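Okay, thanks for having me, everyone. Let me pull up the model and walk you through a few spots.

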Amino acid sequence: MKFYKKIFITAILLFNVFICSVFAGKEQDDFEFGLKLFQQDPSMAADQFEKFISTYPRSSSIADAYLWLGQCYQILEQYDSSILKFSVITVNYPKYHNLDIAVFNLGLGYYYKNEFENAIFQFNKYIKISSSTTAKKKKNSENLRAASIYIGDCYFNTGKYDKAIETYKNENDSKEDISLSFKLFKAYYLNKQYDKALDISDKLNFEQSDTGLLSDLDRQRFYFYTGDIYFAKKNHEKALSYLTAVEKFSIKPDFINLVLLRISQCYDMLNNQDKSIEYLLKIESTGMPHYLNEVPYRIGLIYYNSGRYDIASNY
């Protein structure tokens with residue numbers, strides 16, 4: 001009797017091992033299916049990973065599933081959902097081997113939601129995790145640089161230009177590139193450190209179109225910012241040479257009315273009232289609302305200052 005009991009117990013154990021291996025194989029297949037879908041359709045991949053987490057809550061791959069799920073939602077620009085999934089990892093799986101990736105992506109999620117203080121916190125946390133040893137620092141050097149630049153962008157977007165400048169400058173000093181230098185140029189300009197902005201511009205020659213590293217919009221910003229700097233420095237002829245360059249682009253920026261206003265002001269300061277009025281009238285034809293209500297007053301003022309009171313009264 002004992003002999004048959006042993007055989008029965010052994011048979012149950014073998015059956016359990018078989019069942020576990022079948023389920024383990026299916027679990028692996030389900031996870032890998034999610035990975036394949038991720039390459040093709042992030043929305044379907046998200047559904048698959050949600051199903052995987054629900055079906056296998058004790059899986060050894062559960063943290064990986066949350067990571068991939070968070071990345072699906074990130075790609076789909078569903079940032080609230082991505083933040084939620086990455087947060088599950090940071091709260092419930094603090095020893096997860098890819099914790100740094102989850103934290104970095106948390107920073108991105110908050111950044112894209114314009115929650116810049118939260119983004120700064122997460123990027124700083126990532127920097128702390130990923131530079132805890134020399135080996136980690138070397139391995140994660142590119143992402144560490146990216147996290148630092150994102151922190152600079154957060155400061156820039158919240159008007160903390162001094163901190164943005166400090167952050168950009170530290171990274172640019174270690175490895176100079178034109179896109180980061182342009183960020184530094186913009187921060188100097190908005191912080192009214194005009195000479196430093198011009199120093200960077202002169203050094204890297206942003207206006208050379210063959211660099212190919214600045215978008216048309218950034219090149220338009222460069223021409224406007226530089227023109228505005230010279231306007232502030234009362235070098236109106238040089239200001240005009242940059243400001244009028246913005247008009248050469250086929251697609252006009254949303255700040256085109258401000259450009260036209262500055263051009264008008266330059267001509268006015270150079271005693272060319274006809275040109276000044278010409279550029280004020282251009283504001284009315286852009287279809288943009290900015291400064292539109294100022295046009296009649298400014299035209300009237302030009303006529304008034306030139307002694308043409310009868311015309312000025314019409315404005």
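So, this is a predicted model, and the chain has a mean pLDDT of 89, with 91% of its residues at 70 or more. Where is confidence lowest and where is it highest? The low end is helix α1, residues 2–40, with a mean of 58, and the high end is helix α4, residues 79–92, at 98. Over residues 1–23 the pLDDT stays under 50, and for that stretch the model has zero contacts beyond four places in sequence.

Next up, helix α14, residues 256–269. You'd expect its 14 residues to span 20 Å at 1.5 Å a residue, and the end C-alpha atoms do sit 20 Å apart, so that agrees. Is α14 mostly covered or uncovered? Mostly covered: twelve of the 14 residues are buried, including Leu-258, Arg-262, Gln-265 and Tyr-267. And what do those buried residues pack against? That would be α12 (216–232), α13 (236–243), α15 (273–283) and α16. Right after α14, by the way, Asn-271 has a positive phi of about 60°.

Now over to the surface. Tyr-297, Leu-301, Tyr-304 and Tyr-309 make up a nonpolar patch there, with about 480 Å² of accessible area together. Helix α16, residues 295–305, gives the largest share of that patch, three residues. Tyr-297 is in α16, and why do we call Tyr-297 exposed? Because its relative accessibility is 57%, and the cut-off for exposed is over 50%.

So α16 has a part in both stories: buried residues of α14 pack against it, and it supplies three residues of the nonpolar patch.

Conventions. Residues numbered from 1 in each chain as written. Predicted model: local features only at pLDDT ≥ 70, side-chain atom pairs only at ≥ 80, totals over all residues. Heavy atoms only, no water. Patch = residues over 30% accessible without salt bridge, like charges linked within 9 Å, V, L, I, M, F, W, Y side chains within 5 Å. Areas by Shrake-Rupley, 256 points an atom, 1.4 Å probe, with all protein chains shown as cover. Salt bridge = Lys/Arg side-chain N within 4 Å of Asp/Glu carboxyl O. Helix = DSSP H or I, 4+ residues; strand = E, 2+ residues; numbered from the N terminus. Buried < 20%, exposed > 50% of the residue type's maximum accessible area, 1.4 Å probe, protein only. pLDDT = per-residue confidence, 0-100. Contact = heavy atoms within 4.5 Å. Expected span 1.5 Å × (residues − 1).
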